[in-house]
Amino acid sequence: MKFLRKLDKGFAAFAKYFTGALVLLMVAIVCAMVFSRYVLRVNLGGFEELPAYILCWCVWLGAIMIARSDEHMKVEMLFMLVKNEKAQVLIKALTSLLSTVVLAYFITRSGRFVSSAFTHSDITPALGWPSWAVYIVSIVGSVGMTIYTAVNTVKYFRRLKDL
């Protein structure tokens with residue numbers, strides 16, 4: 001258990017600083033593109049798609065961190081009707097379990113998508129990078145969200161047992 005806690009803390013620190021670095025890189029690229037295009041009147045030739053790919057990485061890493069803290073957007077109108085705490089925790093546990101199953105299914109769909117891009121040797125339009133290398137973030141993000149959602153599901157069921 002100690003190892004998993006250290007791994008969790010390490011990943012959280014990595015995601016925090018890596019995402020911050022990616023945002024700074026994205027801002028620098030966009031500023032360079034604007035300066036180059038409107039001041040120097042020179043196009044940077046293909047780099048306009050790079051900030052979009054960086055943004056995708058930031059969003060997926062952010063989604064993992066939101067799943068980790070279990071702070072994603074939830075519709076809690078049902079809890080206005082259901083006042084019993086045990087019933088509320090059961091509803092949270094079941095919806096979290098459903099989310100885990102759906103995310104696990106999404107891993108398989110992401111894998112097929114990335115595999116298809118790899119098999120067909122697709123490349124990005126401007127930079128000419130292999131598309132699978134760009135799309136692999138969907139697998140990384142969905143695996144991370146699935147793991148943390150499963151952990152949250154276990155926590156809800158444990159809490160239900162303690163009530």
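# Pockets, a cavity and salt bridges

Helix α4 gives the most to the lining of the second largest pocket, with 5 residues. Helices here are DSSP runs (H or I, at least four residues; strands are E, at least two), numbered from the N terminus. The structure is a predicted model, in which local features need pLDDT of at least 70 and side-chain atom pairs pLDDT 80 or more, while totals for chains, interfaces and linings use all residues. Residues are numbered from 1 along each chain as its sequence is written, and side-chain values use heavy atoms, without hydrogens or water.

**Exercise 1. Describe the second largest pocket by its volume, its central residues and the classes of its lining.**

Step 1: A pocket is an open set of points on a 1 Å grid over the protein atoms alone, with protein on both sides within 12 Å along at least five of seven lines, whereas a cavity is a set where a 1.4 Å probe fits but cannot get out; lining residues have an atom within 4 Å of a point. A volume is the space filled by probe spheres set on the points, which are joined across faces, edges and corners.

Step 2: The volume of the second largest pocket is about 220 Å³. Its lining is made of 13 residues, and those closest to the centre are Lys-74, Val-75, Ile-91, Lys-92 and Thr-95.

Step 3: Two elements, α3 (78-81) and α4 (85-119), give two or more residues each to this lining. Sorted by class, the lining of the second largest pocket holds 5 nonpolar, 4 polar and 4 charged residues, where Ala, Val, Leu, Ile, Met, Phe, Trp, Tyr, Cys and Pro count as nonpolar, Asp, Glu, Lys and Arg as charged, and the others, Gly among them, as polar.

**Exercise 2. Find which helices line the largest pocket, and state which of them gives the most.**

Step 1: Begin with the volume of the largest pocket, which is about 680 Å³.

Step 2: Turn next to the lining, which counts 20 residues, with Leu-4, Arg-5, Asp-8, Tyr-148 and Val-151 nearest the centre of the largest pocket.

Step 3: At least two lining residues come from each of α1, α2 and α5 (131-162), and the greatest contribution to the largest pocket is that of α5, with 9 residues.

Step 4: Divided by class, the lining of the largest pocket has 11 nonpolar, 7 charged and 2 polar residues.

**Exercise 3. How many cavities of 30 Å³ or more does the structure hold, and which residues line the largest cavity?**

Step 1: The structure holds 1 cavity of 30 Å³ or more, and the volume of the largest cavity is about 40 Å³.

Step 2: Around the largest cavity stand Met-33, Ser-36, Arg-37, Val-42, Asn-43, Leu-44 and Glu-48, a lining that divides into 3 nonpolar, 2 polar and 2 charged residues.

**Exercise 4. List the salt bridges of the structure and say where the partners lie along the chain.**

Step 1: There are 2 salt bridges, each with a side-chain nitrogen of Lys or Arg within 4 Å of a carboxyl oxygen of Asp or Glu.

Step 2: One salt bridge joins Arg-68 to Asp-8, whose closest N and O atoms are 2.8 Å apart. This pair links distant parts of the chain, since Arg-68 belongs to helix α2 and Asp-8 to helix α1, 60 residues apart.

Step 3: Glu-85 and Arg-159 form a salt bridge through their side chains at 3.5 Å, N to O. Because Arg-159 lies in helix α5 and Glu-85 in helix α4, the pair ties together parts that are 74 residues apart in sequence.

Step 4: For the surroundings, buried means under 20% relative accessible area, exposed over 50%, and partly exposed in between (1.4 Å probe, protein chains only). Arg-68 is partly exposed at 27%, and Asp-8 is partly exposed at 23%. In the other pair, Arg-159 is partly exposed with 36%, and Glu-85 is partly exposed with 43%.

**Exercise 5. Are Leu-24, Val-39 and His-120 buried or exposed, and where do they lie?**

Step 1: Leu-24 is part of helix α1, and its relative accessibility is 64%, so Leu-24 counts as exposed. Between Leu-24 and Trp-129 there are 22 Å in space, C-alpha to C-alpha, although the two are 105 residues apart in sequence.

Step 2: Val-39 sits in the loop between α1 (2-38) and α2 (50-69); its relative accessible area is 52%, so Val-39 is exposed.

Step 3: His-120 belongs to the loop between α4 and α5, and because its relative accessibility is 54%, His-120 counts as exposed. The C-alpha atoms of His-120 and Asn-43 are separated by 30 Å, with their positions 77 residues apart along the chain.
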